[in-house]
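Reader: I would like to go through this model step by step. Please keep the answers short.

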Amino acid sequence: MTIIILITIVVLVFIILGLVVYNVNIHKKIAKFSKINEKITGLNVLQSFMETIGEYSSVDKKINRINEIILEKYGAIKYSTIVVFDGAEYSIKTTNVDEKHWDTLKNLYTEEIFQDSISTATPKYITVDKESEKLPYQKLELGRAKSAMFFPLYIDNVYIGYWLIESGAIHAFDNVDTAILEVVRDNIVTILKTVEYQDTMENIVRNDLYSNLKSAEYLYGQGKQIIDKYTISTVAMFKIINLVDINEKINRHLGNKVITEVSNIIANSISQEYIFVRYMGPKFVIVFSGINPEDVTNFIEDIKTQIESTEIFLEESDKKKMRLKKDVSVTPRLNFVLTSYYKGTAIDGVTKKLEYYLDNADKDENDINYI
């Protein structure tokens, strides 16, 4: 009887050991699959980031969509904030945190707990152990976040700000693969670097004094948002070919008046969905959003005829200064060139092509051209 009991005990021990080994193996496999899933998530985030660059025209929309993707893909992250330093001040580029906390978030660089992170370009993870505790940087936000990870952002070894992720759970990021999050951080930096030029373009848009039109930079930012609602559009550039002669042979006041008259005629004749800007000097651009080149031919012909039959007179004050007794007038002469623009492509490449054509055309060419 004793032998049977011993055998039974030994068998049970082996069964228990076998189950322990099995459970350990299962745990390792789960951990392995979990890591693989994190990497897949990281790749999906990267793909979504790249799609965002092409899908959205506005810099702000791109940055906001990036933040939305982060929150969608990583369930442990409840709050995500990207703060950028422009050399003068810190500003929040995107966040889903209530605005009452923005002053705190914009000043995290002053917190001692994050200063080593910024100087060494390494992430910083902080959390609390009790619900009654709060994170070091929190002021009056005790219940909002219990865990946080701080990632300094650098472009070409130049510090440009930080990315902060937060969770309302204690020790929320204990088992998160920081390597994956660092890849996400690097992708954020790539996006910020990519949109830096576009951001500059959007911020330097100005209204021209004489035409009251926006400058060419408008095309590459806000204007492109309207244009890219459509798959194909027509870009028309025209040049007032006798503007230089008017400025030099009569006076610049009359030349400025020509610019104003031509601009007003066109601006009053086109849809608000069409973009009209003063490109540079005597050159202007009209983008017919959603319209094929062959469908704008009649309009271009009509508007060209109307403008070239418009007589523009020298102001009386200028006549007196120039000691002229007779009226002096001019009629603008325009040279047009048109081409197609396809959504998602570089519109500056299209305008450069049209500009090259006009700059190299015969100085007396006065036509409607398609390239």
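Reader: What does the accessible surface of the protein come to, and what percentage belongs to carbon and sulfur atoms?

Author: This is a predicted model, where local features need pLDDT of at least 70, side-chain atom pairs count only at pLDDT 80 or more, and totals for chains, interfaces and linings use all residues. Residues are numbered from 1 along each chain as its sequence is written, and side-chain values use heavy atoms, with hydrogens and water left out. Accessible areas come from the Shrake-Rupley method with a 1.4 Å probe; for residues, only the protein chains shown count as cover. The accessible surface is about 20400 Å², and the share of carbon and sulfur atoms is 53%.

Reader: How many helices and strands does the protein have?

Author: Helices (H or I, at least four residues) and strands (E, at least two) are DSSP runs, numbered from the N terminus. By that rule the protein comes to 11 helices and 13 strands.

Reader: What percentage of the residues count as buried?

Author: Buried means under 20% relative accessible area, exposed over 50%, and partly exposed in between (1.4 Å probe, protein chains only). The protein has 371 residues, and the buried share is 43%.

Reader: Which element gives the largest share of the largest nonpolar core?

Author: A nonpolar core is a set of buried Ala, Val, Leu, Ile, Met, Phe, Trp, Tyr and Cys residues joined through side-chain atoms within 4.5 Å. The largest one has 29 residues, and Phe238, Ile240, Val258, Ile266, Phe276 and Phe336 touch the most other members. Two or more residues each come from β7, α7 (243-249), α8 (252-267), β9 (283-288), α9 (297-308) and β12. The largest share is 6 residues, from α8.

Reader: How many residues are in the second, separate core?

Author: Ile77, Ile82, Leu153 and Val184 are included in this second core. Its count is 22 residues.

Reader: Which residues does Phe276 touch, and what is its bridge partner in β9?

Author: Contact means heavy atoms within 4.5 Å. Leaving out residues up to four places away in sequence, Phe276 touches Leu213, Phe238, Ser263, Ile266, Ala267, Ile270, Phe284, Val285 and Ile286. The bridge partner of Phe276 in β9 is Ile286.

Reader: In what order do the 6 strands of the open sheet lie?

Author: Two strands pair if DSSP finds at least two bridges between them. The pairing in this sheet is mixed. The edge strands, each pairing on one side only, are β6 (214-215) and β13 (368-370). The order is β6-β8-β9-β7-β12-β13.

Reader: Why is β8 largely enclosed by the rest of the structure, and how many of its residues are buried?

Author: β8 (residues 275-280) pairs with β6 in the parallel sense over 2 bridges. On its other pairing, 5 bridges join β8 to β9, and these two run antiparallel. β8 is largely enclosed because, of its 6 residues, the number buried is 5.

Reader: Which residue in the turn of the β8 and β9 hairpin has a positive phi?

Author: The hairpin leaves 2 residues between β8 and β9. The phi in question is about 55°. The residue is Gly281.

Reader: What is the geometry of the Phe114 and Tyr137 pair?

Author: Rings of Phe, Tyr and Trp (its six-membered ring) pair if their centres lie within 6.5 Å; planes under 30 degrees apart count as stacked, over 60 as edge-to-face and the rest as tilted. The whole structure holds 16 aromatic pairs. For Phe114 and Tyr137, the centres are 5.8 Å apart and the planes stand at 45°, so the pair is tilted.

Reader: How far apart in sequence are Phe238 and Phe336, and how far apart are their ring centres?

Author: Phe238 and Phe336 are both buried. Phe238 lies in strand β7 (residues 232-240) and Phe336 in strand β12 (residues 334-342), 98 residues apart. Their planes stand at 35°, so the pair is tilted, and the centres are separated by 5.0 Å.

Reader: Is Ile347 buried or exposed, and what is its relative accessible area?

Author: Ile347 sits in helix α11 (residues 347-360). Not counting residues up to four places away in sequence, Ile347 touches Leu219, Tyr220, Lys224, Ile227 and Tyr341. Ile347 is buried, at a relative accessible area of 2%.
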